[in-house]
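Here's a quick tour for anyone meeting this protein for the first time. Have a look at the sequence and the model, then read on.

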Amino acid sequence: MSVKIAPSLLAADFAHLAHEVGRVPNADWLHVDVMDGHFVPNLTIGPPVVQALRRVTSLPLDVHLMVEAPERWLEAFARAGADRLTIHVEATVHLDRLLRQIRELGLHPGAALNPATPVESLRYVVELVDQVLVMTVNPGFGGQPFIPGMLRKVAEVRRLLESQGSHADVVVDGGVDERTAPHLVAAGASVLVAGTSVFGDPDPAAALTRLRRTARPPSDR
Ligand SMILES: O=C(CO)[C@H](O)[C@H](O)COP(=O)(O)O
Ligand SMILES: [Fe+2]
């Protein structure tokens with residue numbers, strides 16, 4: 001299974017988003033971080049920006065909702081043209097219902113875990129998700145250092161999925177770079193979200209290619 005790379009636009013130049021999207025033609029997905037100033041202490045972007053991005057790219061738009069009461073926003077992001085919609089398990093007491101709603105809207109549902117949230121919280125929704133996002137930093141900001149303990153968690157998520165016959169993607173988000181990527185892939189990650197390590201590079205496409213290479217087995221680099 002080849003690893004997918006999803007550059008995070010959080011680290012791109014917001015004044016020139018269309019240009020930034022054009023700098024990562026080799027991406028598999030584009031990761032869009034939505035923050036509401038409540039679930040996380042930061043505010044970013046909403047459906048109008050996703051709609052604008054939809055007009056300038058055919059890459060899958062992977063929307064990561066870091067918002068309270070995500071049920072208020074599912075339809076709006078579906079209408080805006082999101083392809084994949086990930087909600088945090090900590091943000092709702094109706095995880096099962098919302099994951100089903102995302103599927104009914106025609107999108108790929110995802111569930112995200114903050115660093116302190118146990119993998120066990122996913123046990124009864126495995127069949128409802130196309131991806132599990134493991135936060136490898138605390139959500140809210142780009143450019144933070146990777147939390148090493150999350151490697152064990154990635155492996156635990158992969159084991160839980162496999163135990164139920166699920167081939168859902170395991171997405172890792174936060175502090176992913178050429179140093180951490182090989183460990184994350186070895187632990188079971190299949191999608192690497194990378195903001196700073198891609199858009200912080202003068203040549204984001206080259207940085208993405210390097211990241212993809214480090215994610216391969218050493219014999220295949
Ligand atoms: O969800 C996020 C933050 O909450 C971002 O996707 C993540 O931080 C990516 O940024 P970086 O690669 O710079 O760590
Ligand atoms: Fe994210």
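In what order do the eight strands of the open sheet line up?

## The sheet

Keep in mind that you're looking at a predicted model. Going across the open sheet, the strands come in the order β1-β8-β7-β6-β5-β4-β3-β2, and they pair in parallel. At the edges you'll find β1 (4–7) and β2 (30–35); each has a single partner strand, so one side of each is left without a neighbour in the sheet. The sheet isn't flat either: ignoring direction, neighbouring strands are turned by 25° against each other on average.

For one pairing up close, try β4 (residues 84–88) and β5 (residues 108–113), which run parallel and share five bridges. Pick out Arg84 and you can follow its bridge to His108 in β5.

## Helices on the sheet

Two helices are worth finding here. Helix α2 (residues 47–56) packs on the sheet, where it touches β2 and β3 (61–66), and its direction makes about 170° with that of β3. Helix α4 (residues 95–104) lies across β4 and β5, at about 145° to β5.

## Around the ligand

Which residues come nearest to ligand 1? They're Ser8, Pro139, Gly142, Gly195 and Thr196, out of 23 residues around the ligand.

Several elements chip in to this shell: β2, β3, β8 (191–194) and α7 (196–199) each supply at least two residues. So β2 and β3, the strands touched by helix α2, turn up again around ligand 1. As for character, the shell splits into nine nonpolar, twelve polar and two charged residues.

Key. Residues are numbered from 1 along each chain as its sequence is written. Chains are lettered from A and ligands numbered from 1 in the order in which they are written. This is a predicted model: local features need pLDDT of at least 70, side-chain atom pairs count only at pLDDT 80 or more; totals for chains, interfaces and linings use all residues. Two strands pair if DSSP finds at least two bridges between them. Helices (H or I, at least four residues) and strands (E, at least two) are DSSP runs, numbered from the N terminus. Axes are lines fitted to C-alpha atoms, for helices over the stretch in contact, and angles run from 0 to 180 degrees between N-to-C directions. Two residues are in contact if their C-beta atoms, placed from the backbone, lie within 7 Å. A residue is near a molecule or strand if its C-beta atom, placed from the backbone, lies within 6 Å of it. Ala, Val, Leu, Ile, Met, Phe, Trp, Tyr, Cys and Pro count as nonpolar, Asp, Glu, Lys and Arg as charged, and the others, Gly among them, as polar.
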